Amino acid sequence: MTPEICQAGHPVLRQRALAVPEADILKDGCQHLIREMIAAMREAPGVGLAAPQIGVSLQIAVIEDRPEYLARWTPENLREFERIPVPLHVIINPELELLEQENAEQQAVFFEGCLSVAGFGALVPRAKRVRLRCLNERAEAVELEASGWHARILQHEVDHLHGRLYLDRMLSRSFCTQQQMPYWTEKPVAEVCRELGIDLVR
Ligand code: ZN
């Protein structure tokens, strides 16, 4: 059985997750946890899942944006989101560096959701590019740079490992249910912000 996903209000989602000792990564317990996280992410389905979301306060997250998830968006949307498929990868003890953060224009603002805030979404400003250093599931050191939607996913998952939810970063006037979401996502973000009275240049 795949593990249940903890919902907002669960204390584990607000704790700073512990780093995984490098020597533990290849052990059965950690490998089993990673397999469970991948299964829970795919079952949900979601494009990322952090260990605290299944009640384990360790710095591990899994990420995967499958081609079939992109099918509900138009090519224009995907270009706007800078969203392309991302093969499954595992990040452990990540250090994230935000790139090109000098002004608001270099942030991307899009609707984002979370498996731990089921049924809701909101506009969340995120850095467009990030650099990430971490270990992978084979305990190898990895450094990667990501942009667009992949950069957004990484920021979202690393936030989970620090006890943060997108609720802490969202433009709160845009918070809405999944039922209401299409009304907003059909419009350009600039128009959404005008309609909601959100001043993007903060
Ligand atoms: Zn989340």
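Trainee: In what order do the elements of the protein chain run from the N terminus on?

Mentor: A good way to start is to walk along the chain and note each helix as α and each strand as β. In this predicted model, the order from the N terminus is α-β-β-α-β-β-β-β-β-α-β-α-α. That comes to 5 helices and 8 strands.

Trainee: How compact is the protein chain for its length?

Mentor: Here we set the radius of gyration beside what a globule rule gives. The protein chain has a radius of gyration of 17 Å, close to the 17 Å from the rule for 202 residues, so it is as compact as a globular protein of that length. Along its principal axes, the C-alpha trace spans about 50 × 35 × 30 Å.

Trainee: What share of the residues counts as buried?

Mentor: Of the 202 residues, 49% are buried. You can also look at the surface: the accessible area of the protein chain is about 10,400 Å², and carbon and sulfur atoms account for 52% of that.

Trainee: Among contacts between residues at least 6 apart in sequence, what percentage joins residues at least 24 apart?

Mentor: For the protein chain that figure is 69%.

Trainee: Now the metal. Which residues coordinate the zinc ion?

Mentor: To read a metal site, look for the donor atoms around the ion. The zinc ion here is coordinated by SG of Cys114 and by NE2 of both His156 and His160, at 2.1 to 2.2 Å. Along the sequence these donors follow the spacing C-x41-H-x3-H.

Trainee: Which parts of the chain does the pair Cys114 and His160 tie together?

Mentor: Cys114 sits in the loop between strand 4 (107-112) and strand 5 (120-127), while His160 belongs to helix 3 (residues 148-161), so this pair ties together parts 46 residues apart in sequence.

Trainee: Are Cys114 and His160 buried or exposed?

Mentor: The cut-off helps here: buried means under 20% relative accessible area. Cys114 has 9%, so Cys114 is buried. His160 has 2%, so His160 is buried too.

Trainee: Let us take one more residue. Where is the place of Arg152?

Mentor: Arg152 is in helix 3. With a relative accessible area of 3%, Arg152 is buried.

Trainee: Which residues does Arg152 touch, not counting those up to four places away in sequence?

Mentor: Arg152 touches Ala108, Val109, Phe110, Glu112, Val124 and Arg126.

Trainee: And how many positive and negative side chains does the protein chain have?

Mentor: There are 22 positive and 29 negative side chains, and the centres of the two sets lie 3 Å apart.

Methods
Residues are numbered from 1 along each chain as its sequence is written. This is a predicted model: local features need pLDDT of at least 70, side-chain atom pairs count only at pLDDT 80 or more; totals for chains, interfaces and linings use all residues. Side-chain values use heavy atoms; hydrogens and water are left out. Helices (H or I, at least four residues) and strands (E, at least two) are DSSP runs, numbered from the N terminus. The radius of gyration is taken over C-alpha atoms; the globule rule is 2.2 Å times the number of residues to the power 0.38. Buried means under 20% relative accessible area, exposed over 50%, partly exposed in between (1.4 Å probe, protein chains only). Contact means heavy atoms within 4.5 Å. Accessible areas come from the Shrake-Rupley method with a 1.4 Å probe; for residues, only the protein chains shown count as cover. Lys and Arg count as positive and Asp and Glu as negative; His and the chain ends are not counted. The place of a charge is taken as NZ of Lys, CZ of Arg, CG of Asp or CD of Glu. Donors are N, O and S atoms within 2.8 Å of the metal (3.2 Å for Na, K and Ca); water is not among the atoms, so sites may look incomplete.
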